[in-house]
Amino acid sequence: SLPLSLHAQVRMQQRGLPAAALALIRRYGRRQHDHQGCALIYLDRRGREAIRRHEGEQVYRDYEKVWDAYLLERVGGAVLTTGHRTRRFYRQ
């Protein structure tokens, strides 16, 4: 169960992002905190390899098209929005 805001639900549907794939991104993704109460979560190479190793090759291939997605999550709370990366996220 992925806690989603209404805005995140709408964006998920608009962008064709399945909830199961977002749950995997949330579980295996890299978290980048903005120090204002939110965290940006996205998959890097290590996260994708962890999904392949722990969840299996079939699961990895089923959602391969959406591995460029990201989540913006309130720390300890719901997902605020989702989207597709069009640019590189630079680590702090």
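The exercises below, each with a worked solution, lead through the sheet and the helices of one predicted model.

In this predicted model, local features need pLDDT of at least 70 and side-chain atom pairs count only at pLDDT 80 or more, while totals for chains, interfaces and linings use all residues. Residues are numbered from 1 along each chain as its sequence is written, and side-chain values use heavy atoms, with hydrogens and water left out.

**Exercise 1. Work out the order of the strands in the sheet, and state which strands stand at the edges.**

Solution. Begin with the terms: strands (E, at least two residues) and helices (H or I, at least four) are DSSP runs numbered from the N terminus, and two strands pair if DSSP finds at least two bridges between them. Strands of a sheet pair through backbone hydrogen bonds, either parallel or antiparallel. Here the open sheet has 4 strands in the order β1-β2-β3-β4, and the pairing is antiparallel. At the edges stand β1 (30-33) and β4 (79-84), each of which has a single partner strand, so one side of each is left without a neighbour in the sheet. From one strand to the next, the twist averages 20°.

**Exercise 2. Describe how β3 is joined to β2 and to β4.**

Solution. Take β2 as the starting point: 5 bridges join β2 to β3, and Y42 stands opposite Y70 in β3. Then turn to β4, which is joined to β3 by 5 bridges; L71 has T82 of β4 as its bridge partner, and E73 stands opposite V79 in β4. Finally, look at the connection, where β3 and β4 form a hairpin with 4 residues between them, and where G76 in the turn has a positive phi of about 75°.

**Exercise 3. Decide whether E73 is buried or exposed, and find the face of β3 to which E73 belongs.**

Solution. First locate E73, which lies in strand β3 (residues 69-74). Next apply the cut-offs, by which buried means under 20% relative accessible area, exposed over 50% and partly exposed in between (1.4 Å probe, protein chains only). With a relative accessible area of 4%, E73 is therefore buried. The covered face of β3 holds A69, L71 and E73, whereas Y70, L72 and R74 form the uncovered one. Contact means heavy atoms within 4.5 Å, and, not counting residues up to four places away in sequence, E73 touches residues including R26, R31 and V79.

**Exercise 4. Follow helix α2 from I25 to the contact with α3.**

Solution. Start with I25, whose place is in helix α2 and which counts as buried because its relative accessibility is 1%. Leaving out residues up to four places away in sequence, I25 touches several residues, among them I41, A69 and L71. Now consider the two helices: α2 and helix α3 (residues 45-55) pack at an angle of about 110°, with their axes 10 Å apart. Axes are lines fitted to C-alpha atoms, for helices over the stretch in contact, and angles run from 0 to 180 degrees between N-to-C directions. The contact is made by L24, R27 and Y28 of α2 together with G47, A50, I51, H54 and E55 of α3.
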